[in-house]
Amino acid sequence: MSEGAIQAAEFAVWMQEFGPFPPDDADYPIAVAVSGGADSLCLAWLARRWRRHVVGLIVDHGLRAESSDEAHRTAAVLDGFGMAGRVLPLTGLRRDGGLQEGARAARYRALTRACREAGCLDLLIGHHAGDQAETVAMRQRAGSAAYGLAGMAACRELADLRLLRPLLRVSSARLRVTLREAGIAWAEDPSNQNRQFERVRVRQSLGTQDVSALCHMAGAHARERQEDEACRLEEAAKRVVFHPGGFFLLPADLCGPVLLGLLWQVLSGRAYPPARRIMSALLTMPKACTLHGVTLRKAGRLGPGWVLCREAQAMESAVQAVDGAIWDGRWQLRSAGTATGMVVSAAGHDGGNTGLPFAVRRTLPALRAVSGAAPHDARFDFIRPMAVFSGSFWSLMAQ
């Protein structure tokens, strides 16, 4: 593996693996998450040399007094690249043992929202080979199966955004060499040396050979995961029906435990599916049940199989009805320009005579007037992503 500076042509080849990309103009910018550290700053530098219209998104976690100044200094560095930089301040983060997990979740929410506002379809993330090795080592210690040992995916598809990690094959040392040759200084986050965090302890325990071996393992499991995903996609397309009402119709014998868990994840809105042992037990003895905010029940007049739908009691409370509003993490309101003074909430007993079971009707989104009239052209789109499948999943399921 080369340890010299990364050349523009080499980076362009890496990016071709994610292509094709939209036109390189102001209407289709590419976003880069930039912390000011060496890894993400090098990614921003490489991205700007690869493409003109790139925007840097800098999350200020607000956990240290100097973090705001550091974020704006990073924006100034990006300006020197000829690249727009936007600071995204966060507030209210927990400062206990869940700090890193909470900060990560808040960071990705802010980045996703900023990408949507800027019209960015792709967000580049600066994770490198060392980060991948740490992830695999942590999952290995936690007893993860092959799926988890595949590590971070180079491309992860969300509802309206792709997370791209083009540096997973590159060492952190090489990123620093690239910045030094370009004469670019970077900042070091002191939390990267704080042994209170498991990832830091793992990082400090890994040697160069360990990183190489763990990345090789991740690559092998990733190929295995891709093959499994292709099989699940085919199974889903043949045996599962996705209804525009935001629920699934399953066959009488349900489906494989992994696919069932992933469908459960879609409706629950959780980051991970239920444990496979729970899904396997359910397949052994199928029965109506509720878990993780999702209900499995007999399909009744819809057929001989099962309905998998959202649990009414677990849904989000009302949100203001503005164009683009997302309710319950699953539905997005469109054409709501005249919905002044209205809210989006569960239909409940007002679900109407749609021909659907009451358990489904009550979980549909509805506009309710506080004042004003409902827009006649408003609609709701089901947007909950199936990030663990390829991008063709929804098109196949919706047919």
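These legends walk through several close-up views of a predicted model.

**Figure 1. The whole chain, to get your bearings.**
Before zooming in, here is the overall picture of this predicted model. The chain has 399 residues, and 45% of them count as buried. Its secondary structure comes to 13 helices and 17 strands. If you take the contacts in the chain with a separation of 6 or more, 65% of them are between residues 24 or more positions apart. Salt bridges turn up too, 15 of them in the structure, and several get their own view below.

**Figure 2. Asp-39 and Arg-176, a salt bridge between two helices.**
Here Asp-39 pairs up with Arg-176, and their closest N and O atoms are 3.2 Å apart. Asp-39 sits in helix α2 (residues 38-50) and Arg-176 in helix α7 (residues 172-182), so this pair ties together parts of the chain that are 137 residues apart in sequence. Both ends of the bridge are tucked away: Asp-39 is buried, and so is Arg-176.

**Figure 3. Helix α5 meets helix α8 through Glu-134 and Arg-199.**
This view shows a salt bridge between Arg-199 and Glu-134, with 3.2 Å between the closest N and O atoms. Arg-199 belongs to helix α8 (residues 198-205) and Glu-134 to helix α5, so the bridge links parts that are 65 residues apart in sequence. The two partners differ in how much of them shows. Glu-134 counts as buried at 3% relative accessibility, whereas Arg-199 is partly exposed, with a relative accessible area of 24%.

**Figure 4. Asp-131, a buried acid without a salt bridge.**
Stay on helix α5, which covers residues 129-141, and look at Asp-131. This residue is buried yet has no salt bridge. Which side chain of opposite charge is nearest to Asp-131? That would be Arg-203, 4.7 Å away. The cut-off for a salt bridge is 4 Å, so Arg-203 at 4.7 Å falls outside it. Leaving out residues up to four places away in sequence, Asp-131 touches Gly-126, Met-152 and Arg-199. Arg-199 is the residue that bridges to Glu-134 in the previous view.

**Figure 5. Arg-310 and its partner Asp-328.**
In this close-up the side chains of Arg-310 and Asp-328 meet in a salt bridge, 2.8 Å from N to O. Arg-310 comes from strand β11 (residues 306-310), while Asp-328 is in the loop between β13 (326-327) and β14 (331-334), so the pair ties together parts 18 residues apart in sequence. Arg-310 is buried, with a relative accessible area of 7%, and Asp-328 counts as buried at 9%. Take a look at the backbone of Asp-328 as well: its phi is positive, about 60°, although it is not a glycine.

**Figure 6. Thr-363, another neighbour of Arg-310.**
Thr-363 is found in the loop between α12 (358-361) and β16 (365-369). With 4% relative accessibility, Thr-363 counts as buried. Thr-363 and Arg-310 are 53 residues apart in sequence, but their C-alpha atoms are 6.5 Å apart in space. Setting aside neighbours within four places in sequence, Thr-363 is in contact with several residues, including Arg-310, Trp-327 and Trp-331.

**Figure 7. Gly-261 in helix α10, and Leu-254 in the loop leading there.**
Gly-261 has its place in helix α10 (residues 257-268) and counts as buried at 2% relative accessibility. Beyond residues up to four places away in sequence, Gly-261 touches Pro-273, Pro-274 and Met-279. Ile-278 is 17 residues from Gly-261 in sequence, with 8.9 Å between the two C-alpha atoms. Leu-254 is in the loop between β8 (247-250) and α10. Leu-254 is buried, with a relative accessible area of 0%, and its phi is positive, near 60°, in a residue other than glycine.

**Figure 8. A cavity and its lining.**
How many cavities of 30 Å³ or more does a search of the whole structure find? The search finds 1. The largest cavity holds about 30 Å³ of space. Its lining is made up of Pro-22, Tyr-28, Pro-29, Ile-30, Gly-119, Leu-121 and Asp-122. By class, that lining has 5 nonpolar, 1 polar and 1 charged residues.

**Figure 9. A cis peptide bond at Pro-20.**
The last view shows Gly-19 and Pro-20, joined by a cis peptide bond with omega about 0°. Pro-20 is in the loop between α1 (8-16) and β1 (30-33).

Methods
Residues numbered from 1 in each chain as written. Predicted model: local features only at pLDDT ≥ 70, side-chain atom pairs only at ≥ 80, totals over all residues. Heavy atoms only, no water. 1 Å grid on protein atoms, 1.4 Å probe; cavity = no way out; pocket = protein on both sides within 12 Å on 5 of 7 lines; lining within 4 Å. Points joined across faces, edges and corners; volume = space filled by probe spheres on them. Nonpolar A, V, L, I, M, F, W, Y, C, P; charged D, E, K, R; others polar. Helix = DSSP H or I, 4+ residues; strand = E, 2+ residues; numbered from the N terminus. Buried < 20%, exposed > 50% of the residue type's maximum accessible area, 1.4 Å probe, protein only. Lys, Arg positive; Asp, Glu negative; His and termini not counted. Contact = heavy atoms within 4.5 Å.
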